[in-house]
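Let's take a walk through a protein model, one spot at a time. Keep the 3D view open and look up each residue as it comes along.

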Amino acid sequence: MSSGDRREAAPAAGEVKNGVVSGDLSQRQIQSEPASGVVAPSQNQRLRLNPSKDHKPESYDDMQLDFSPSIFSSLERYLPPPMLGLNREEKVQRHRDYRQKIITNYQPLHRELYNLHIGNFFVPPFVKAIQDNTEESFRSIISEPSPGVFTFEMLQPRFCELLLAEVENFEKWVNEAKFRIMRPNTMNKYGAVLDDFGLETMLDKLMETYIRPLSKVFFAEVGGSTLDSHHGFVVEYGKDRDVDLGFHVDDSEVTLNVCLGKQFTGGELFFRGTRCEKHVNTGSQTEEIFDYSHVPGRAVLHRGRHRHGARATTSGHRVNLLLWCRRRENMDYIALRRENMECHWLLSAAAAAVADSSLCCSFAEVKMPFVDQKFIFLYSSVFREMKRYQKDFSSWCGECFREKKERQRLSIAATKSVKNSVLPMHTRTI
């Protein structure tokens, strides 16, 4: 699931907003006034309260970073004008300082959340299905009420309560410390980026152990088996919060959306079909139109390019956990290290998932800037196939699929027409 201030005006007819911040992950902002050991920057160094939708950020894809490159692209939208002229290294350091200030000063309320406790987090049928790790076990707990939209019971009420309390505690600390933070993306003014206050490791494990096996089965055509980065956040809707969410696509390969609670009415998700960039503004077919009503603890899993939005939450307070799961472009390669005439696999989690697959031996030896050893990059035929989804959209984009079928129909019709024009009358196709 990708690259806008949340609570944007509803898009014009046919216009789709992108629910991300210039790439994939959006983080939070720097502070305001001294409190809890946080030192306030001068006014012209403070991050924007709301991200700039007009600024075109730089690309960080070629840098060796400890977070997804799109995090840093997202940060640029929050920088004050005097800082936009900084070089990329200084902008990256700005984000590192921001996150470090949070980790240093924020005291977690429920530390058990920061480790993935299977028995305390997930409902037993979900755990068993993942442990069995077969398509049959997944389908036994998952329903597909609309093509490409999968729903299933996932979170226990206790976990939902703990996470809601942790987010409330974080927001309380933010207000007391007068610490300005980045919101989840440019379409929401409320909510929190969970990665920013220490939950990144837990969410990584959630993606790798529980979401990637499902995506490998249900979203193989968009690289579901090689998901290796995420953006985790909560969004809040209701009185004095965001009300609804406009028609958009996510900056992700695969999106997990789980309702945490609390009591609310309205807020239904509406889905309108999966589209590539070329066809994102096209109309929807009848079979693509689907509305989904949230239930606390129940998850929705869909492609990031599946167009959707949220209707108004008419009463109460609704909070949802979202995990945008992505794959880094550099995961098209598997790194090999040569030592003493032997090659040792340096496999990422994504590479390990396909390590038993046949590999192509087309490679080039290069010198990496961050180590003293030479690396060989072995291009994986498996990853090459995964890469195809960026060019061949007809397997998952609804409009590409229809165009392909129409071309086939016209081609067949033209072939029949030519054939009939040269055959004797009694042999012609009717």
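## R275 and its neighbours

Start with R275, whose side chain reaches the backbone oxygen of G283 at 2.7 Å. That same side chain also makes a polar contact of 2.8 Å with the side chain of T282. Keep in mind as you look around that this is a predicted model.

Where does R275 sit? You'll find R275 in the loop between strand 9 (269–274) and strand 10 (289–292). Being in a loop doesn't put R275 on the outside here: with 0% relative accessibility, R275 counts as buried. Leaving out residues up to four places away in sequence, R275 touches a long list of residues, including V280, S284, E288, R305, R307, W396 and R402.

## Two cysteines, no bond

Next door in sequence is C276, a good place to think about disulfides. A disulfide is a covalent bond between the sulfur atoms of two cysteines. How many disulfides does the model have? The count comes to zero. C276 is in no disulfide, and the nearest cysteine sulfur, that of C400, is 3.6 Å away. A pair of sulfur atoms has to be within 2.5 Å to count as a disulfide, so this pair misses the cut-off.

Are these two cysteines buried or exposed? C276 is buried, with a relative accessible area of 1%. C400 counts as buried too, at 12% relative accessibility.

## Aromatic pairs

Now for some rings. A pair of aromatic rings is described by the distance of the centres and the angle of the planes. Searching the whole structure turns up 18 aromatic pairs. One of them is formed by Y106 and F170, which meet edge-to-face, with 5.3 Å from centre to centre and 90° between the planes. This pair links distant parts of the chain: Y106 is in the loop between helix 2 (88–105) and helix 3 (118–121), while F170 is in helix 6 (residues 157–177), 64 residues apart. Y106 counts as buried at 4% relative accessibility, and F170 is buried with a relative accessible area of 0%.

Another pair is F122 and Y210, and this one is tilted: 4.5 Å centre to centre, with 45° between the planes. Here again distant parts of the chain are linked, with F122 in the loop between helix 3 and helix 4 (124–132) and Y210 in helix 7 (residues 200–218), 88 residues apart. F122 is buried, with a relative accessible area of 2%, and Y210 counts as buried at 3% relative accessibility. Going back to Y106 and F170, you can see them as members of one aromatic cluster, together with Y98, W173, F179 and F197.

## K262, a partly exposed lysine

K262 has its place in the loop between strand 7 (254–261) and strand 8 (264–266). At 35% relative accessibility, K262 counts as partly exposed. Which side chain does K262 join through a polar contact? The partner is E168, at 2.4 Å.

Setting aside residues up to four places away in sequence, K262 touches L164, E168, P296, H317, R318 and V319. One of those, R318, is 56 residues from K262 along the chain, yet their C-alpha atoms are separated by 5.5 Å.

## D228 and R327

Here's another case of sequence and space telling separate stories. D228 and R327 are 99 residues apart in sequence, but 5.1 Å apart in space, C-alpha to C-alpha. D228 is found in the loop between helix 7 and strand 5 (229–238), and with a relative accessible area of 11%, D228 is buried.

## A hairpin

Strand 2 (residues 143–146) and strand 3 (residues 149–153) pair in the antiparallel sense over two bridges. Across that pairing, S146 of strand 2 stands opposite V149 in strand 3. The two strands form a hairpin with two residues between them. In the turn, G148 has a positive phi of about 85°.

## The whole protein

Finally, zoom out. The protein has 10 helices and 17 strands. What share of the 430 residues is buried? Buried residues make up 53% of them. The protein exposes about 20100 Å², and carbon and sulfur atoms supply 52% of that area.

Definitions and conventions:
Residues are numbered from 1 along each chain as its sequence is written. This is a predicted model: local features need pLDDT of at least 70, side-chain atom pairs count only at pLDDT 80 or more; totals for chains, interfaces and linings use all residues. Side-chain values use heavy atoms; hydrogens and water are left out. Rings of Phe, Tyr and Trp (its six-membered ring) pair if their centres lie within 6.5 Å; planes under 30 degrees apart count as stacked, over 60 as edge-to-face and the rest as tilted. Helices (H or I, at least four residues) and strands (E, at least two) are DSSP runs, numbered from the N terminus. Buried means under 20% relative accessible area, exposed over 50%, partly exposed in between (1.4 Å probe, protein chains only). Contact means heavy atoms within 4.5 Å. A polar contact is a pair of N or O atoms within 3.5 Å; within protein, one must be able to donate a hydrogen and the other to accept it, and residues adjacent in sequence count only if both atoms are side-chain atoms. Two strands pair if DSSP finds at least two bridges between them. Accessible areas come from the Shrake-Rupley method with a 1.4 Å probe; for residues, only the protein chains shown count as cover.
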